[in-house]
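Reader: I want to learn to read the fold features of a model. Where do we start?

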Amino acid sequence: MKQTVFIIIIMCLGFTSCQKSIAIKNESYSALIEQAMQLSKDEDALKLNKALVTYQNAFNIFPDSIDDYSKYNVSVIASRLKLNDVAFKYLQPLAALIEDDEGYPGWDYILGDYATEDYSNLFQDKRWEQLKQEALINQAQFFDNLALDEVEFFSTKTGALIDTLKAEQLYNYIKNQNNFLSKKKQDYSITFKINDTSSTSYFVHLPKAYNPENQYPMLVYLHGAIRYTTLSDYETKSNLKYANTKYTKRADADDVVLVFPKADKNFNWMIGDEGFFMVPEIIKQIKSAINIDDDKVFVTGHSNGATGSFSCLMKQPTQFAGFYGFNTHPKVYTGGTFIENVKARSFINFSTDQDYYFPPNANDTLNKLMDSIKADYKDYRYNGFPH
């Protein structure tokens, strides 16, 4: 199930203990939906029928609280029960969405990786073929729009013909140069080429009142679970939700540019060097389009993302003003590192005494080493919390 897997990955990418229930206003609706979700995990037809009835009861009682994820679940349950009319009742409006509650386009329900698993029982229904043809058209339009958005994002003012400038004029031009333009949107999904055969994307969230005349701090957030995530053709506003909600709130309040790259087990910021160039190159790209304060670029993350932040400190700290991470595994997986690099910057780690992935003794050992070289390295230990 597409959204189920998505939510599991979100749990890996952010802080654990984060509640992944749908953002709904009424607790009674929430209780019914949770009950239905639990029932739907069973293959037993009686329980699936009960789940379907529970969902529909919630929809009838609380029509203003209905969310896309629950409609999706109902369509999948109905498909599994071969109740085609019910399945299409909920699937057709989902497929027609420009974007759902998570920012995913409606065509992804029909053409996405989980469609075969979710809707195989509908494939012989003529309504499925109609949805598929419409989805292909919408998919093409989606990527056309994405390409146009990227062109707009990277557009800048035309610079001066510097070959015609005398020395003093050239100096003043470079000193006062600002070719940045205002942006039409606050959120952008940007395609990132890794090599001739692989690409991914990253998500950029701008301050609401972005002004190209002003310089802005930037925070790059590195996700965790890199061994289980995949490269993506596009990213959505789901990056701003769940465990990242507090980042989004603070960034919006303080006019910070947020950046969310997407990695996998082959190309990432932690294991191997094949993908280590990604974060520095993404920063370079964004600086070509957005007026970023060079002295206020920071990197953070959780779990594997925090380890990536630590790796940036050890291997390539120049672009960053500071580093921090949550539940960091303070280990660099490849060579080319130099512990003294930390003395030119600062790192703050937030560790927990019940971390089942990265036990605190690893941080204790590093803390002693950092103290011995008088590095600006702090580890804040919180008791009673897991990974």
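Author: With strand pairing. Two strands pair if DSSP finds at least two bridges between them. This is a predicted model. In β8, Lys378 is the bridge partner of Ile348.

Reader: How many bridges join β7 to β8, and how do the two strands run?

Author: Strands of a sheet pair through backbone hydrogen bonds, either parallel or antiparallel. Here seven bridges join β7, residues 346–352, to β8. The two strands run parallel.

Reader: In what order do the strands of the sheet come?

Author: The order is β1-β2-β4-β3-β5-β6-β7-β8. That makes eight strands in an open sheet with mixed pairing. The edge strands are β1 and β8 (376–382), and each pairs on one side only. From one strand to the next, the twist averages 20 degrees.

Reader: Which strands does helix α10 touch?

Author: Helix α10, residues 245–254, packs on the sheet. The strands it touches are β2, β3, β4, β5 and β6 (322–326). Take the angle between N-to-C directions: α10 makes about 145 degrees with β4. Helix α12 packs on the sheet as well, touching β3, β5, β6, β7 and β8. Its direction makes about 155 degrees with that of β6.

Reader: Next, the nonpolar core. Which residues touch the most other members?

Author: A nonpolar core joins buried residues of nonpolar type through side-chain atoms within 4.5 Å. The largest one in this model has 45 residues. Val257, Ile286 and Ile290 touch the most other members. Several elements supply at least two residues each, among them β1 (187–193), β2 (199–205), β3 (216–222) and β4 (257–261). The helices that do so include α12 (304–315) and α13 (360–372).

Reader: Which element gives the most to this core?

Author: Helix α11 does, with six residues. Its span is 278–289. Look at Ile286 for detail. Leave aside its neighbours within four places in sequence, and Ile286 is in contact with Tyr202, Val204, Met218, Val259 and Ile292. Apart from this core lies another, of 38 residues. Tyr55, Val74, Trp128 and Leu131 are among its members.

Reader: Now the rings. Why is the pair of Tyr104 and Tyr234 edge-to-face?

Author: Check centre distance, then plane angle. Planes over 60 degrees apart count as edge-to-face. The structure holds 30 aromatic pairs. In this one the ring centres are 6.2 Å apart and the planes stand at 70 degrees, so the pair is edge-to-face. It links distant parts of the chain, 130 residues apart. Tyr104 is in the loop between α5 (84–95) and α6 (108–111), while Tyr234 is in the loop between β3 and α10.

Reader: Are these two tyrosines buried or exposed?

Author: Buried means under 20% relative accessible area. Tyr104 has 18%, so it is buried. Tyr234 has 11% and counts as buried too. Both belong to one aromatic cluster with Trp107, Phe142 and Phe143.

Reader: What kind of pair do Phe192 and Tyr202 form?

Author: An edge-to-face pair, 6.3 Å centre to centre with 65 degrees between the planes. Phe192 lies in β1 and Tyr202 in β2, so the pair ties together parts 10 residues apart in sequence. Phe192 is buried at 1% relative accessible area. Tyr202 is buried at 0%.

Reader: Which rings have a charge sitting over them?

Author: The test is position over the ring face. The charged end of Lys185 sits over the ring of Tyr188, 5.7 Å from its centre. The charged end of Lys315 sits over the ring of Phe276, 4.1 Å from its centre.

Reader: Backbone torsions next. What is phi of Lys82?

Author: Near 60 degrees, a positive value in a residue other than glycine. Lys82 is in the loop between α4 (68–80) and α5. Exposed means over 50% relative accessible area. Lys82, at 61%, therefore counts as exposed. Lys374 has phi near 60 degrees as well. Its place is the loop between α13 and β8. At 73% relative accessibility, Lys374 counts as exposed.

Reader: One last residue. Where does Gly275 lie?

Author: In the loop between β4 and α11. Gly275 is buried, with 2% relative accessible area. Leaving aside its neighbours within four places in sequence, Gly275 is in contact with Phe267 and Asn268.

Note on methods: Residues are numbered from 1 along each chain as its sequence is written. This is a predicted model: local features need pLDDT of at least 70, side-chain atom pairs count only at pLDDT 80 or more; totals for chains, interfaces and linings use all residues. Side-chain values use heavy atoms; hydrogens and water are left out. Buried means under 20% relative accessible area, exposed over 50%, partly exposed in between (1.4 Å probe, protein chains only). Helices (H or I, at least four residues) and strands (E, at least two) are DSSP runs, numbered from the N terminus. Contact means heavy atoms within 4.5 Å. Axes are lines fitted to C-alpha atoms, for helices over the stretch in contact, and angles run from 0 to 180 degrees between N-to-C directions. Rings of Phe, Tyr and Trp (its six-membered ring) pair if their centres lie within 6.5 Å; planes under 30 degrees apart count as stacked, over 60 as edge-to-face and the rest as tilted. A charge sits over a ring if NZ of Lys or CZ of Arg is within 6 Å of the ring centre and within 35 degrees of the ring normal.
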